[in-house]
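Reader: Hi! I'd like to talk through this protein with you, if you have a few minutes. Could you bring it up so we can both look?

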Amino acid sequence: MKDGGRKQGAASPCAACKLLRRRCAVDCVFAPYFPADEPHKFANVHKVFGASNVNKMLQELPEHQRGDAVSSMVYEANARVRDPVYGCVGAISSLQQQIDALQTQLAVAQAEAVHLRVRQSASSIYWTQQAHSPTTSGSPSSKPIFDMDMGLDHTSYADSIWS
């Protein structure tokens, strides 16, 4: 005997039809995307979007785009279950804040590296000048060309941003 296009006992209904307690037809729009062994997928999508809306969305899309649409709906539904107010936007915002903080740390580290290179370069120029010129105490040429102290305390390079 046929049951909605399927033989009884041949296959279990998809997760959507099982949750909605209806017969699962051969041409069920949910069956390819919500298999019977993953009932939680459809349960969350149903809570957030509703079965009727999901059905309408899937019917309006070409078949080759339905899988991506279902993946997006499942992701958004799971995010909405975790965070009912912000959903995916909350996750995206949190990740953006992390990116901003990491970009700031990177900029500080790069600036510190440039500063150290300039100090090293100035130091090597100073010592090169000292080795090639006669020593005259108190003359302006005995000072380093690049005095890059900038009022910073460089007693220990271990106190960088990474410590």
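Author: Happy to. Let's start with one residue: Lys 47 is found in helix H2. Bear in mind that this is a predicted model.

Reader: Okay, so is Lys 47 buried or exposed?

Author: Lys 47 is exposed, because its relative accessibility is 62% and the cut-off for exposed is over 50%.

Reader: And how far apart are Lys 47 and Arg 80 in space?

Author: Their C-alpha atoms are 9.5 Å apart, while in sequence the two residues are 33 residues apart.

Reader: Let's move to the helix itself. At what angle do H2 and H4 pack?

Author: The angle is about 75°, and the axes are 8 Å apart. Here H2 covers residues 39-49 and H4 covers residues 63-82.

Reader: Why quote both an angle and a distance?

Author: Those two values, the angle between the axes and the distance between them, are how two packed helices are described.

Reader: Fair enough. So are H2 and H4 roughly parallel or roughly perpendicular?

Author: Roughly perpendicular, because angles of 65 to 115 degrees count that way.

Reader: Which residues meet there?

Author: From H2 you have Lys 41, Asn 44, Val 45, Val 48 and Phe 49. On the H4 side they meet Met 73, Val 74, Glu 76, Ala 77, Asn 78, Arg 80 and Val 81. By class, this contact of H2 with H4 has 7 nonpolar, 2 polar and 3 charged residues.

Reader: Nice. What about H2 and H3, at what angle do they pack?

Author: At about 100°, with axes 7 Å apart. That makes H2 roughly perpendicular to H3. In H2, the residues Phe 42, Val 45, His 46 and Phe 49 touch Ala 51, Asn 53, Val 54 and Met 57 in H3.

Reader: How many charged residues does the contact of H2 with H3 have?

Author: It has no charged residues; the contact of H2 with H3 is made of 6 nonpolar and 2 polar ones.

Reader: Changing topic: how many residues does the largest nonpolar core have?

Author: That core has 20 residues, and Phe 30, Phe 34 and Leu 58 have the most contacts inside it. Helices H1 (15-20), H2, H3 (51-60) and H4 are the elements that give two or more residues to this core. H4 gives the most, with 5 residues.

Reader: Which residues is Leu 58 in contact with, leaving aside neighbours within four places in sequence?

Author: Leu 58 is in contact with Val 29, Phe 30, Tyr 33, Arg 66, Val 70 and Met 73.

Reader: Any odd backbone angles? What is phi of Arg 21 near?

Author: Phi of Arg 21 is near 55°, a positive value in a residue other than glycine. For background, most residues other than glycine have a negative phi. Arg 21 sits in the loop between H1 and H2, and it is exposed, with a relative accessible area of 78%.

Reader: Let's zoom out. How many helices and strands are there?

Author: There are 5 helices and 2 strands, and from the N terminus they run β-β-α-α-α-α-α. Of the protein's 163 residues, 20% count as buried.

Reader: And what does UniProt list for residues 92-119?

Author: The unreviewed UniProt entry lists "coiled-coil region" for that span. In the model, residues 92-119 are 100% helix and 0% strand, and the end C-alpha atoms lie 40 Å apart.

Reader: Great, thanks for the tour!

Methods
Residues are numbered from 1 along each chain as its sequence is written. This is a predicted model: local features need pLDDT of at least 70, side-chain atom pairs count only at pLDDT 80 or more; totals for chains, interfaces and linings use all residues. Side-chain values use heavy atoms; hydrogens and water are left out. UniProt positions are given in the numbering used here, feature names are shortened, and annotations may be inferred rather than shown by experiment. Helices (H or I, at least four residues) and strands (E, at least two) are DSSP runs, numbered from the N terminus. Axes are lines fitted to C-alpha atoms, for helices over the stretch in contact, and angles run from 0 to 180 degrees between N-to-C directions. Angles under 35 degrees count as roughly parallel, over 145 as roughly antiparallel, 65 to 115 as roughly perpendicular and the rest as oblique. Contact means heavy atoms within 4.5 Å. Ala, Val, Leu, Ile, Met, Phe, Trp, Tyr, Cys and Pro count as nonpolar, Asp, Glu, Lys and Arg as charged, and the others, Gly among them, as polar. A nonpolar core is a set of buried Ala, Val, Leu, Ile, Met, Phe, Trp, Tyr and Cys residues joined through side-chain atoms within 4.5 Å. Buried means under 20% relative accessible area, exposed over 50%, partly exposed in between (1.4 Å probe, protein chains only).
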